[in-house]
Each structure stands twice: as C-alpha cells, then as structure tokens.
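This report goes through selected local features of one structure. The sequence and the coordinates come first, and the notes follow.

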Amino acid sequence: MRFATFTANGATFFGAITKDGAIALNDAFPDQASLYEVIAAGTFEQLTEAAAGREVTHKEFTYEMVMPDVRRILCVGVNFPDRNAEYKDGSEQPKYMSLFPRFASGFTGHDRPLIRPPENHTLDYEGEVVIVIGKSGRRISQEDAYDHIAALTLCNEGTIRDWVRHAKFNVTQGKNWDNSGAIGPWLVPFTDAAQLDDARIQTHVNGELRQDDTLNRMMFPIKREIEYISTFMTLLPGDIIVTGTPTGAGARFEPPKYLAPGDVVEISVEGIGTLRNTVEDEQV
C-alpha cells in the first residue's frame with residue numbers, strides 16, 4: 001500500500017494511492033489533519049486498514065510533497081565512497097557523517113516542476129532514499145534502528161551548487177531554495193529489512209542514466225545514521241532522514257551538467273517507486 005498527500009478541486013487530502021486513483025482517508029482520522037500528524041500520533045499502521053474496501057475518491061489529482069508539514073528534515077552528505085572521491089581533495093573516508101538541515105518549503109511533489117531561480121542556474125539533482133521515523137528514541141543502537149522506521153520514500157535533493165560555497169562551515173543556503181527539490185511520490189510502509197538492504201537507486205535525466213548504486217555500499221549505513229543522529233537528538237515520529245546520494249550528480253561532470261527548463265529527472269528504487277520531476281524557471 002502507498003500513501004500520499006494530494007490536492008483536488010482546491011482541497012488537500014491524504015490517503016491511499018491505487019492503480020485506479022486516490023482514496024482520501026481524512027474522514028477516517030478526524031484528529032489528524034495530515035500524514036505527518038498520523039505518523040506523529042502513532043496511527044500510521046491503521047491507514048492500510050482504513051483504506052480496505054473503500055472506493056477511489058479521486059481519479060484526477062495533483063501530488064504534493066509527501067509530508068508538507070514535516071517539522072524536521074536531516075540530510076546525510078557524501079555518503080558513498082565514489083562521492084568522496086568526486087571532490088578530488090585527497091581526503092580519506094571521513095570518520096563521521098556530514099549532516100545538514102532542509103526545510104519542507106524547499107520541496108515539491110511528484111510530477112511537479114523543480115524551480116530554477118533567476119539568481120543562479122547551477123540547479124543540480126541528487127537521488128536519495130528517505131526514511132521516516134515511526135517510533136521515538138534516543139541513543140538508538142544499530143541493532144534496534146530498523147524498528148524505529150515507519151516508512152520509505154524518495155528524494156530529489158535539488159541543490160543550487162554555487163550557493164553551497166557561499167560560506168565556510170555550512171551548505172544550508174544552497175540546499176533550501178523554494179521548490180528546488182522533491183520528496184515523494186508516496187510513503188511505502190517499512191516492513192522488511194530487504195527494502196533497504198537490497199535497494200538499488202537509479203537517477204535518469206532525460207532518459208540518460210546518471211546515478212546507479214546500491215545502498216549496501218553506503219559509507220554510513222542507515223542503521224548507523226539512526227544511531228549517530230539519535231545520540232545528539234531524540235528522533236521523533238514523523239522526522240525525515242534523507243540518507244545520501246551516489247556519484248553522478250551534474251556538478252561532477254566536465255563540464256557540469258546542471259538542470260535546465262524542460263529537463264525531466266526520474267529517481268527510482270524497486271519496491272518504492274519512481275519520483276519524477278520536470279524543471280522550470282521561476283516566474284518573477
């Protein structure tokens with residue numbers, strides 16, 4: 001079962017996505033106004049039961065960022081061996097992972113355009129697997145880490161490359177342009193370790209394969225990410241961790257292959273789905 005946030009006729013809904021359309025489930029959860037609130041309340045597992053036997057409510061709809069009201073998004077940077085080598089700075093594999101925050105305003109939904117701002121045209125793509133925390137915890141062991149995951153989705157962690165170099169100690173300003181990235185299309189319940197351990201992620205731009213790797217090659221596996229992050233902050237239901245992108249982002253080509261209006265980016269993982277976005281210039 002897949003669960004998404006979507007709009008239709010000027011209203012926003014959350015619910016199940018089927019081959020025939022969407023099933024709005026808002027009325028089944030009167031105390032929760034969004035997917036984020038459903039997860040935060042600990043009722044995410046009830047979505048499947050609530051959708052059973054219901055008819056499709058919307059055949060035409062628009063996907064939104066899967067959890068537009070999410071409160072905390074943490075991203076793991078440079079998390080594949082070849083990505084570290086891409087920087088060509090002679091550095092060894094790092095002892096600790098790189099982390100930075102992103103905010104919901106920087107993301108749009110599936111089949112929606114990524115927005116390239118007029119200030120800078122170095123808009124880049126990064127295909128990544130996203131985990132959504134379902135059970136709170138502090139100092140979570142790697143052995144128990146998967147027990148804290150509620151769902152999986154995908155991210156195009158769009159970046160304005162020139163702006164990540166504006167300062168010495170952070171990349172935040174290059175990572176949070178409005179609608180520069182996407183998360184979706186939907187949440188897939190996490191029920192089996194193989195969903196992550198055997199996952200292969202691919203990114204295509206205009207049909208050309210640009211990124212292709214498996215999550216078992218991560219320098220900091222997802223279990224380690226959960227362990228490390230939960231050491232300094234309590235992970236809460238609804239928190240998002242964007243787990244890292246393979247080599248092959250546009251900035252690493254000679255010359256760079258940045259995104260331009262009309263481009264189509266597709267990020268795919270078997271068992272999760274495909275996140276597809278076009279690119280448009282911001283209208284100012």
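Where is Pro255 found? In this predicted model, Pro255 is in the loop between β16 (240-242) and β17 (264-269).

## Cis peptide bonds

The bond that leads from Glu254 into Pro255 is cis, with omega near -5 degrees. As noted, Pro255 belongs to a loop, the one between β16 and β17.

Another cis peptide bond links Gly184 to Pro185, and here omega is about 0 degrees. Pro185 is found in strand β13. Gly184 also takes part in strand pairing, standing opposite Leu154.

## Strand β13 and its partners

Strand β13 covers residues 181-189 and is mostly covered, with nine of its nine residues buried. With strand β11 (residues 149-156) it pairs in the antiparallel sense over five bridges. Leu154 and Gly184 in β13 stand opposite each other.

Strand β7 (residues 107-108) runs parallel to β13 and is joined to it by two bridges. Here Phe107 stands opposite Gly181 in β13.

## Around Thr108, Pro113 and Asn179

Thr108 lies in strand β7. Is Thr108 buried or exposed? Its relative accessibility is 7%, so Thr108 counts as buried, the cut-off being under 20%. Leaving out residues up to four places away in sequence, Thr108 touches Met65, Pro113, Leu114, Asn179, Gly181, Ala182, Ile183 and Asn277.

Pro113 lies in strand β8 (residues 112-116) and is partly exposed, with a relative accessible area of 22%. Residues up to four places away in sequence again aside, Pro113 touches Thr108, Asn179, Thr278 and Glu280. Ala199 is 86 residues from Pro113 in sequence, and their C-alpha atoms are 26 Å apart in space.

Asn179 appears among the contacts of Thr108 and among those of Pro113. Asn179 lies in the loop between β12 (159-160) and β13. Its phi is near 55 degrees, a positive value in a residue other than glycine. With a relative accessible area of 30%, Asn179 is partly exposed.

## The N-terminal hairpins

Strand β1 (residues 2-8) pairs with strand β2 (residues 11-18) in the antiparallel sense, over seven bridges. Arg2 stands opposite Ile17 in β2. The two strands form a hairpin with two residues between them, and Asn9 in the turn has a positive phi of about 55 degrees.

β2 is in turn joined to strand β3 (residues 21-24) by four bridges, and the two run antiparallel. The bridge partner of Thr18 in β3 is Gly21. How many residues does the hairpin from β2 to β3 pass through? The hairpin joins β2 to β3 through two residues.

## Two further loop residues

Asn206 is placed in the loop between β14 (200-205) and β15 (208-214). Phi of Asn206 is positive, near 55 degrees, in a residue other than glycine. Asn206 counts as partly exposed, at 46% relative accessibility.

Tyr125 is placed in the loop between β9 (123-124) and β10 (127-133). With a relative accessible area of 0%, Tyr125 is buried. Tyr258 is 133 residues from Tyr125 along the chain, and their C-alpha atoms are separated by 8.0 Å.

## Nonpolar cores

The largest nonpolar core has 51 residues, of which Ile131, Ile149, Leu196, Ile222 and Ile226 touch the most other members. Apart from this core lies another, of 32 residues, among them Leu35, Cys155, Leu187 and Val242.

What is Ile131 in contact with, its neighbours within four places in sequence left aside? The residues are Ile149, Ala151, Leu152, Leu196, Ile222, Ile226, Asp239, Ile240, Ile241 and Thr243.

## The second largest pocket

The second largest pocket holds about 250 Å³ of space. Its lining has 13 residues, and the closest to the pocket centre are Glu45, Gly134, Asp147, Ile149 and Ala150. By type, the lining divides into seven nonpolar, three polar and three charged residues.

Ile149 links this pocket to the preceding section: Ile149 is one of the lining residues closest to the pocket centre, and it is among the residues of the largest nonpolar core that touch the most other members.

Methods
Residues numbered from 1 in each chain as written. Predicted model: local features only at pLDDT ≥ 70, side-chain atom pairs only at ≥ 80, totals over all residues. Heavy atoms only, no water. Buried < 20%, exposed > 50% of the residue type's maximum accessible area, 1.4 Å probe, protein only. Pairing = 2+ DSSP bridges. 1 Å grid on protein atoms, 1.4 Å probe; cavity = no way out; pocket = protein on both sides within 12 Å on 5 of 7 lines; lining within 4 Å. Points joined across faces, edges and corners; volume = space filled by probe spheres on them. Nonpolar A, V, L, I, M, F, W, Y, C, P; charged D, E, K, R; others polar. Core = buried A, V, L, I, M, F, W, Y, C linked by side-chain atoms within 4.5 Å. Contact = heavy atoms within 4.5 Å.
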